[in-house]
Amino acid sequence: MKRMPRLCSICIHEQRLPIEKAMIAGASLRDVAGLYGTCKSNLDRHRPHITRALSKHAEVQELARTTTLLQDVRRGEARAERLYAQTEAILAGAVASDDPRVALLAVRAVVAVMAEARSFMSLRGEITNELGRDRTAPTISVQIIAPQTFNELPRVSFWQEDACEAGYEEIGLIQR
Ligand SMILES: [Zn+2]
């Protein structure tokens with residue numbers, strides 16, 4: 001951004017707001033200058049300061065909006081994480097009590113939770129990109145490892161450490 005060569009007389013003008021309103025309303029600079037006891041060149045010099053203030057205001061509003069959205073997304077992610085932990089516990093219990101039917105249900109539930117988490121993650125990725133940070137989001141992989149034999153139950157590995165806070169780009173669903 002361009003530095004000011006010297007202090008702008010309009011920025012510190014007592015009537016700054018009405019001056020700016022008149023300028024934005026499209027009044028001629030000569031008229032505004034006459035009305036507020038200044039000169040055209042002062043108003044001209046001040047013009048970019050109005051633009052800057054307005055765009056700053058828009059940025060702040062945009063930040064507030066995206067921050068609210070991010071909070072919603074984080075809540076959604078946290079919920080998906082809790083659901084996942086619960087489903088994982090059910091899966092572990094089913095494995096311990098040798099109940100393949102419940103284990104299969106748990107795996108299906110895990111897949112559903114992962115789909116939900118994925119949508120939150122891609123949303124978060126879009127929002128953080130919009131905010132201009134976390135452009136190099138780490139990827140997270142979800143693996144469902146199918147058993148080699150009939151007696152084994154599938155294993156699921158989910159969240160990668162350090163990926164949770166930095167944001168994710170996508171989930172690769174790998175089956176082998
Ligand atoms: Zn100014």
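## Helix pairing and core in a predicted model

Student: Where does Tyr-84 lie in this predicted model?
Tutor: The model is predicted. Tyr-84 is part of a helix, and that helix is α3.

Student: Is Tyr-84 buried or exposed, and why?
Tutor: The cut-off for buried is 20 or more other C-beta atoms within 10 Å. Tyr-84 has 20 C-beta neighbours inside 10 Å, so Tyr-84 counts as buried.

Student: What separates the C-alpha atoms of Tyr-84 and Val-111?
Tutor: Along the chain, the two residues are 27 residues apart. In space, the C-alpha separation of Tyr-84 and Val-111 is 9.2 Å.

Student: How many residues has the largest nonpolar core?
Tutor: Tyr-84 is one of its members. Others include Val-73, Leu-91, Phe-120 and Met-121. The full count for this largest core is 12 residues.

Student: Which helix gives the largest share of this core?
Tutor: Both α3 (40-96) and α4 (100-130) supply at least two residues of the core. The largest share is 8 residues, and its source is α4.

Student: Which residues does Ala-106 touch, not counting those up to four places away in sequence?
Tutor: Ala-106 belongs to the largest nonpolar core. Leu-91, another member of that core, is among its contacts. With sequence neighbours up to four places away left out, Ala-106 touches Thr-87, Ile-90, Leu-91 and Ala-94.

Student: Ala-103 is in helix α4. Why does Ala-103 count as partly exposed?
Tutor: Buried needs 20 or more C-beta neighbours within 10 Å, and exposed needs 12 or fewer. Ala-103 counts as partly exposed because its C-beta neighbours inside 10 Å number 19.

Student: What separates the C-alpha atoms of Ala-103 and Leu-91?
Tutor: Ala-103 sits in α4. Leu-91 is 12 residues away along the chain. The C-alpha atoms of the pair are separated by 5.1 Å.

Student: Which loop holds Asp-98, and what is its phi?
Tutor: Asp-98 is placed in the loop between α3 and α4. Asp-98 is not a glycine, yet its phi is positive, at about 55 degrees.

Student: Is Asp-98 buried or exposed?
Tutor: Exposed means 12 or fewer C-beta neighbours within 10 Å. Asp-98 has 10 inside that distance, so Asp-98 counts as exposed.

Student: In what order do the elements of the protein chain run?
Tutor: The chain has 5 helices and 3 strands. Read from the N terminus, the order is α-α-α-α-β-β-α-β.

Student: What percentage of the protein chain counts as buried?
Tutor: The chain has 176 residues. Tyr-84 is a buried one. The buried portion of the chain is 14%.

Technical notes
Residues are numbered from 1 along each chain as its sequence is written. This is a predicted model: local features need pLDDT of at least 70, side-chain atom pairs count only at pLDDT 80 or more; totals for chains, interfaces and linings use all residues. A nonpolar core is a set of buried Ala, Val, Leu, Ile, Met, Phe, Trp, Tyr and Cys residues joined through C-beta atoms within 7 Å. Helices (H or I, at least four residues) and strands (E, at least two) are DSSP runs, numbered from the N terminus. Two residues are in contact if their C-beta atoms, placed from the backbone, lie within 7 Å.
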